[in-house]
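Open the model in your viewer and keep the selection tool at hand. The tour goes from one selection to the next.

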Amino acid sequence: DDSFDGLFLNDGTIDEDLKNRSAVLQLKPIHAYRKYFNLVDMHQKIEFVSTSLHSNDVVLKLANGSIYASKLVMDDTTGVWRRVFLRPVFHDLHDLSLQQEFKIVQIECGLLHSVFLCRNGTVYSVGGNSCGQCGVGYVSQQESHIKIVPSLIERKVNICAISCGKHHSIAVDDTGTLYAWGLNTSNQCSTTSFQPPMICEPYATFISDGKVVKAECGEFFTVYLAEHGVYGGFGKIVVSSMQSMNITKWHNTKERRYRDLSCGYNHVILIGKDDRLYCHGSNEYCKGGVRAGRTGKPTQIIHERLPKDAPPYKVIAGRNCTLGNLHK
């Protein structure tokens, strides 16, 4: 429902009937976790939920501005995984988001850092900053207090979307310019090889395909859709422990046009303007929908299994899976 109580979170406990199937965990509805909330927040509407591809963290944003983060932790005594909520979380963000112009509209999480987008287009960050992924202009072990990303303010840009990789972050403004910062050892922040291994403040990446319409991050790479449906990217997709692929090799894939994409940990799912699904990157666990073992450039996938009268209109790429929705 509109309070998100119909959603479920993995609580880390193993189903008794499925102990021999190691990857199966129980789900609990979100309202079951309200007991962890402060009394003031107990009955507040949950506005949105954000998860991380790079960890087990989940962030909940409440209507009154409160933000809760949760993670899976192992009990040292029993060895059982349990989901716990960290509270209180980000008091300075709570006060900030009560102001309408600073209302938080998007939260993205990397492995050790989080980035927040406000309604007025300003960007804030917090957490690990050893690679400059908080974008505050310098490297530090961590930023324990919410800080604004200063150079975006200095540029007077209006950011409309953000995304986080494992140790890097990106933002897209309302003119279609893509900014990136953080770890750059795989060129995940730049289309050229002339940038340093760490970029501590947002860098305007040159995109030859025109204005960026949508952009997302994987582990060590960034992909985007430019105007007219052109797909491109930069960085490296780690397919397996023995294999990786340079995503820039398939930069400017002009033989097809796409209308949407979703970026997983090491794979990308695209919806073509021909209403067919395509996969780029790893096909581990068959998450790309093609036969096991196949990886590579954007490849047509499972379109023959989709009803002709129900083309896909939304896809979500997870860490090791892909979800889709069809037109009715």
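Is strand 16 largely enclosed by the rest of the structure or left open, and why? Bear in mind that the model is a predicted one. Select strand 16, residues 221-226. Of its 6 residues, 6 are buried, so strand 16 is largely enclosed by the rest of the structure. Colour the two faces separately to see this. One side carries F221, V223 and L225, the other T222, Y224 and A226, and both sides are covered.

**The neighbours of strand 16**

Next, add strand 15, residues 212-217. Strand 15 and strand 16 run antiparallel and are joined by 5 bridges. To find one of the pairings, pick C217, whose bridge partner in strand 16 is T222. The two strands make a hairpin, with 3 residues between strand 15 and strand 16.

Now add strand 17, residues 231-240. Strand 17 is antiparallel to strand 16, again with 5 bridges. Here F221 has G235 as its bridge partner in strand 17. Strand 16 and strand 17 also form a hairpin, with 4 residues between them. Stop at H228 in that turn: its phi is positive, about 70°.

**The largest nonpolar core**

Keep Y224 selected and add V123, L152, I159 and L178. These five touch the most other members of the largest nonpolar core, which has 26 residues. Which strands each supply at least two residues of this core? Show strand 8 (113-118), strand 11 (159-164), strand 12 (168-173) and strand 13 (178-183), together with strands 15 and 16. Strand 13 gives the largest share, 4 residues.

Centre the view on L152. Leaving aside residues up to four places away in sequence, L152 touches V123, V157, I159, Y179, W181 and P202.

A second core, separate from this one, has 14 residues. To locate it, select I237, M245, Y258 and L261, which are among its members.

**Last stop: T205**

Go to strand 14, residues 198-205, and pick T205. Is T205 buried or exposed? Its relative accessibility is 6%, so T205 counts as buried; the cut-off for buried is under 20%. What does T205 touch, not counting residues up to four places away in sequence? Show L178 and A180, then C189, S190 and T191, and finally F234: T205 is in contact with each of these residues. L178 was already on screen as one of the residues that touch the most other members of the largest core.

Definitions and conventions. Residues are numbered from 1 along each chain as its sequence is written. This is a predicted model: local features need pLDDT of at least 70, side-chain atom pairs count only at pLDDT 80 or more; totals for chains, interfaces and linings use all residues. Side-chain values use heavy atoms; hydrogens and water are left out. A nonpolar core is a set of buried Ala, Val, Leu, Ile, Met, Phe, Trp, Tyr and Cys residues joined through side-chain atoms within 4.5 Å. Buried means under 20% relative accessible area, exposed over 50%, partly exposed in between (1.4 Å probe, protein chains only). Contact means heavy atoms within 4.5 Å. Two strands pair if DSSP finds at least two bridges between them.
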